[in-house]
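Let's take a friendly walk through a protein model together. Keep the picture open beside you as you read, and turn it whenever a new part comes up.

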Amino acid sequence: MRQLEEAALKQWEHAFEADPAAKEKFYLTVAYPYPSGAMHVGHGRTYIAPDVIARFWRMRGRQVLYPMAFHVTGAPVIGISKRIARGDEKAIHLYRDLYRVPEETLKEFTNPLTIVRHFAAEYQRVMTSCGLSIDWRRRFTTVDPQYSKFIEWQWKHLWEGGHVKKGAHPVRFCPQCDNPVGDHDLLEGDKAEILKFVMVMFRWRDSFIPTATLRPETVYGVTNLWVNPTVTYVKVLVDGTTWIVSREAATKLSLQDHAVKEIEEIPGNSLIDQIVHHPLCGDVPVLPATFVDPDMASGIVMSVPAHAPFDYIALRDLQAEGRYQDIKPVSLIKVPHYGEFPAKDAVEKAGIVDQNDPRMDALTQEVYSAEFSSGKLLEKYGGETVRQARETVGILMTDSYNSSVIYEFDSRPVVCRCGGRVYVKILHDQWFLQYSDPAWKSQVEAHLAEMSLVPPEVRAEFERTIDWLKDWACTRRVGLGTRLPWDPDWLIEPLSDSTIYMAYYTIAHHLKKFNPDDLTPETFEFLFLGKDTPGLKNREELEVMRKEFEYWYPYDYRFSAKDLISNHLTFQLFHHAAIFPKESMPCGMVVFGMGLLEGAKMSSSKGNVFLLEDALEEFGADTVRMFLVGSAEPWQDFDWRNDLVYSTRKQIERFWNTIEETRNAERRTSGVDPWLISRLQQHIQKATEALERFQTRQALQEAFYAIESDLKWYRKRLPDGAAGGFALKELGSIWVRLLAPVIPFTCERLWCEIGGEGLVSFAPWPSADRSRIDPNLELAEELLLRTIEDIESIRKVIQITPSSITICVAPSWKKDVFASVATAPDRNTVIREIMKDEQVRRRGKAAQDAIKQCITLIHRLPPGIVEQYLKAEMNEIEIFDNARDFLERECSAKVHVVDAGESTLAKASAALPFKPAIVIE
RNA sequence: GCGAGUGUGACUGAGAGGCCAAAAGUGACCGACUCAAGAUCGGUUCUCGCAGGAGUUCGCAGGUUCGAAUCCUGCCACUCGCACCA
């Protein structure tokens, strides 16, 4: 196996380097990998499935380009290198033991570039061993200086097109690292969302007491504030006014765009029973409550007992002690199915005893969502729906009552990988790609409508993504990458530098030879857009490159896993739309499913991976390929199971043996040879159609299993001990080519052995010859097959060893009946209609039975067979007579064939067209 | 929670109103060849049946239809995405 693979790899070394040619092109690309670890079988499928498609179109005579590069921009490897430098055991274990990085190399992993270089080389090596037909001349990485020039050009274009703007933005932020943190940087709290609270500013003496709320509209129902008497609050100077907040809140505010200066401490209990004021609810007292969390937003909350179960129960608890008897809930929202005080109703209905009841959260949620979805403010507060009021009141407060917002996580803790606590910070000077721009969106939407999407179900998801996309923060402070041309303190964010690189591939191998400084924006304008600037350097060479770009672009299909729909795959459409003219816009996308390993999700961090290299070693490249594209269609999730993979290998061996066998086939014709050829045409046709639709699994069903099962019948039908005839000989060459895209190593060798010309990778794809399809012949074999099945099923039931079998073929008048039934417009009246015929009627009850049986039979037969039977005028007696040797061999009994009309056997009357009566003795 | 999708026999997975007890592959069982095999070949694999038949099945519960795995409604379970991240 090794030898076979190595031999093929040697032949392929430069074979797939594709240059523009006179024939039609097919350009496919796959999302390039981020090489921060070893490839597992899931990655394998991502590249193998497109390779099968690439190989298929190459054999169809297209000039195929399948390029590959490596995405190395971004922060992850920096984190990895730091962890390795720090001696982090988990990281070292992963890289040393799971990914098997040699000790000496691992030592150098403290340099992030070493990591990506190492794994990029590994990727290329393993991809090559998979037999991927990649043009490696075009390989690049996203930190190559030439690529950076390309990115600079792209961004200049976006900038000038008005797609990039500056703004402020709340992000998760780690003060220790002094950096925003993404999901993968979090130790804890990756599900936490940033919520936007409105701070309702109550006046107390010379200070504001901000109470943060998600429901500003409930301010009309505030009866008091809650302050935690055990907490020490602080009086702070915020942007020039004095506020009283928790100490935690002061820290948060300072990260959120406020100048904060502490003036003094204020013990919580000193605030109790103070009277505070807000214009929208008047004077209210401050009450004590230990449930108030100083680490939640401002650390002080307003109380709306009519509508917030927590507030209601806390107030009730206090009142039970005989305090604050004069405070009554103030209702402001009317909700169907609830009374004047929804919080009270809910608490009482649930039988809540005190504020420590664990059901309080669910109850709160219930009241909140009921009010939000169907609540209305009372007329005196404006009568708006809660949904509307929340917005109006929020705006009113910020505009007229000194409110501002504070961002806070909806769940905690949120902890950075460095161990430090994560806060919400407002980032300034952040650059955004304006994906929210309606004009840009509709441009993308319009193009999407013209694209080919596989499978079609993903279209809805793309449409929704376009609709939902907001502005994307497109610059970073740390990581590898290209600097923003007009603001070099910023790096371009890694998803944003990977949106139109498919165009770069088309000329990547030429660009390598350029001095990066010569790759000016004007150069790229010329190369990609054809815009000429006088005085361009290397003019002739650029002309050639421009031609090459025009030859390949736009790409035909882009392949990627489905998790990239909501970002990369949609982003790239935006960027194409912003930069390229209509004729360079992408044509299609194929979205893949995810991979499972023995039924469980594959995940490097959990160690649940099967390295692609190990799979290749253990099973061989062809087996891995055939399993990965044959076990499920590309867009379905697949499950790597060793036992199934193992049997795939046996199937390839079986195929090998059959091809060897075809070499011994004789040139003679046996009865079934034309049948095999006829069937073969249809399998070719169907396999071709399947691959055109990217259905690799379906294609294999036709090109492998269906052919195998025909061969089984073919062998059965051959005279005893005979070798195959001309059909088998012919099959060899076709079959090798049909399977070449999937198992190219095996087929390359077999192609050579059967005397094929050149490489099978470039051999012409078999085409179906319609003239060799013989429906009548196929129908005859179908009749034999069904009859044998009938005989078998009878034998199974009656349990005797037969000495003779009589096949009684239906008399010709029944064929007429059959035809009348089959063509009858109305099956309900068909009996009456047919019985009008004198010839039929005189047969009496037998005729009536025959009609009924024909109705059932026709119902059960595939429509195609019935149709063909009507056309064929087949002589069933002759068919059975000709196959008598075969039948006798199959049934180990003497076989007689008679016309049921001339038989005296009682059973004979049951004979129907295409379903002879069978008598076993 | 929101959006998109999926649920078929022991498993993977076709089927998208009558060809359906439901393709193909795997596994399991039986037999053949063999010193032997995870090899190869043949057969069986929902239940019942001494004549090719009948019955019950396609996440659950209803409904439409002469007829539903397939169409409609509700429910349940799983997968992916929900952004600053590759």
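By class, how many nonpolar, polar and charged residues does the lining of the second largest pocket have? Before answering, keep in mind that this is a predicted model. The lining of this pocket has 18 nonpolar, 9 polar and 8 charged residues. In total, 35 residues line the second largest pocket, and its volume is about 1,200 Å³. To find the centre of the pocket on your screen, look for Phe197, Leu214, Met296, Thr364 and Tyr368, the lining residues that lie nearest to that centre.

Which parts of the chain build this lining? At least two residues each come from strand E6 (194–204), strand E7 (207–213), strand E14 (301–303), helix H9 (309–320) and helix H11 (360–374). Among the contributors, H11 gives the most, with 6 residues.

Two of those strands deserve a second look. E6 and E7 pair in the antiparallel sense over 7 bridges, and methionine 201 stands opposite proline 210 in E7. The two strands form a hairpin with 2 residues between them. In that turn, arginine 205 has a positive phi of about 50°. E6 also pairs with strand E17 (residues 405–409): here 5 bridges join the antiparallel strands. One pair to pick out is isoleucine 194 and its bridge partner in E17, phenylalanine 409. As a reminder, strands of a sheet pair through backbone hydrogen bonds, either parallel or antiparallel.

E17 leads us on to the cavities. How many cavities of 30 Å³ or more are there? The count comes to 2. E17 takes part in the lining of the second largest cavity, which holds about 40 Å³ of space. Its lining consists of Lys252, Gln256, Tyr407, Glu408, Phe409, Arg421, Val422, Tyr423 and Val424. The elements that give two or more residues to this lining are E17 and strand E19 (423–433), and the largest share, 3 residues, comes from E17. Sorted by class, the residues around this cavity are 5 nonpolar, 1 polar and 3 charged.

Now turn to the largest cavity, with a volume of about 50 Å³. Around it you will find Ala687, Leu691, Thr696, Ala699, Leu700, Ala703, Leu738, Pro741, Val742 and Trp765. Helix H23 (673–692) and helix H24 (696–717) are the elements that supply two or more of these residues. H24 gives the most, with 4 residues. The lining of the largest cavity divides into 9 nonpolar residues, 1 polar residue and no charged ones.

Next, let's see how a pair of helices meets. Two packed helices are described by the angle between their axes and the distance between the axes. For helix H17 (residues 521–529) and helix H18 (residues 539–552), the axes come within 8 Å and cross at roughly 40°. That crossing makes H17 oblique to H18. On the H17 side, the contact is made by Thr523, Phe526, Leu527, Phe528 and Leu529. H18 brings Arg539, Leu542, Glu543, Met545, Arg546 and Phe549. By class, this contact has 7 nonpolar, 1 polar and 3 charged residues.

Our last stop is a sheet further along the chain. It is an open sheet of 3 strands in the order E30-E29-E31, and the pairing is mixed. Why is one side of E30 and of E31 left without a neighbour in the sheet? Strand E30 (894–899) and strand E31 (917–920) stand at the edges, each with a single partner strand, so one side of each has no neighbour there. Neighbouring strands of this sheet are turned by 20° against each other on average, direction ignored.

Within the sheet, strand E29 (residues 804–809) runs antiparallel to E31, and 4 bridges join them. Isoleucine 805 stands opposite isoleucine 920 in E31. Helices pack on this sheet too. Helix H27 (residues 775–798) touches E29 and E31, and its direction makes about 40° with that of E31. Helix H34 (residues 884–891) touches E29 and E30, and its direction makes about 130° with that of E30.

How values were computed. Residues are numbered from 1 along each chain as its sequence is written. Chains are lettered from A and ligands numbered from 1 in the order in which they are written. This is a predicted model: local features need pLDDT of at least 70, side-chain atom pairs count only at pLDDT 80 or more; totals for chains, interfaces and linings use all residues. Side-chain values use heavy atoms; hydrogens and water are left out. On a 1 Å grid over the protein atoms alone, a cavity is a set of points where a 1.4 Å probe fits but cannot get out, and a pocket is an open set with protein on both sides within 12 Å along at least five of seven lines; lining residues have an atom within 4 Å of a point. Grid points are joined across faces, edges and corners, and a volume is the space filled by probe spheres set on the points. Ala, Val, Leu, Ile, Met, Phe, Trp, Tyr, Cys and Pro count as nonpolar, Asp, Glu, Lys and Arg as charged, and the others, Gly among them, as polar. Two strands pair if DSSP finds at least two bridges between them. Axes are lines fitted to C-alpha atoms, for helices over the stretch in contact, and angles run from 0 to 180 degrees between N-to-C directions. Contact means heavy atoms within 4.5 Å. Angles under 35 degrees count as roughly parallel, over 145 as roughly antiparallel, 65 to 115 as roughly perpendicular and the rest as oblique.
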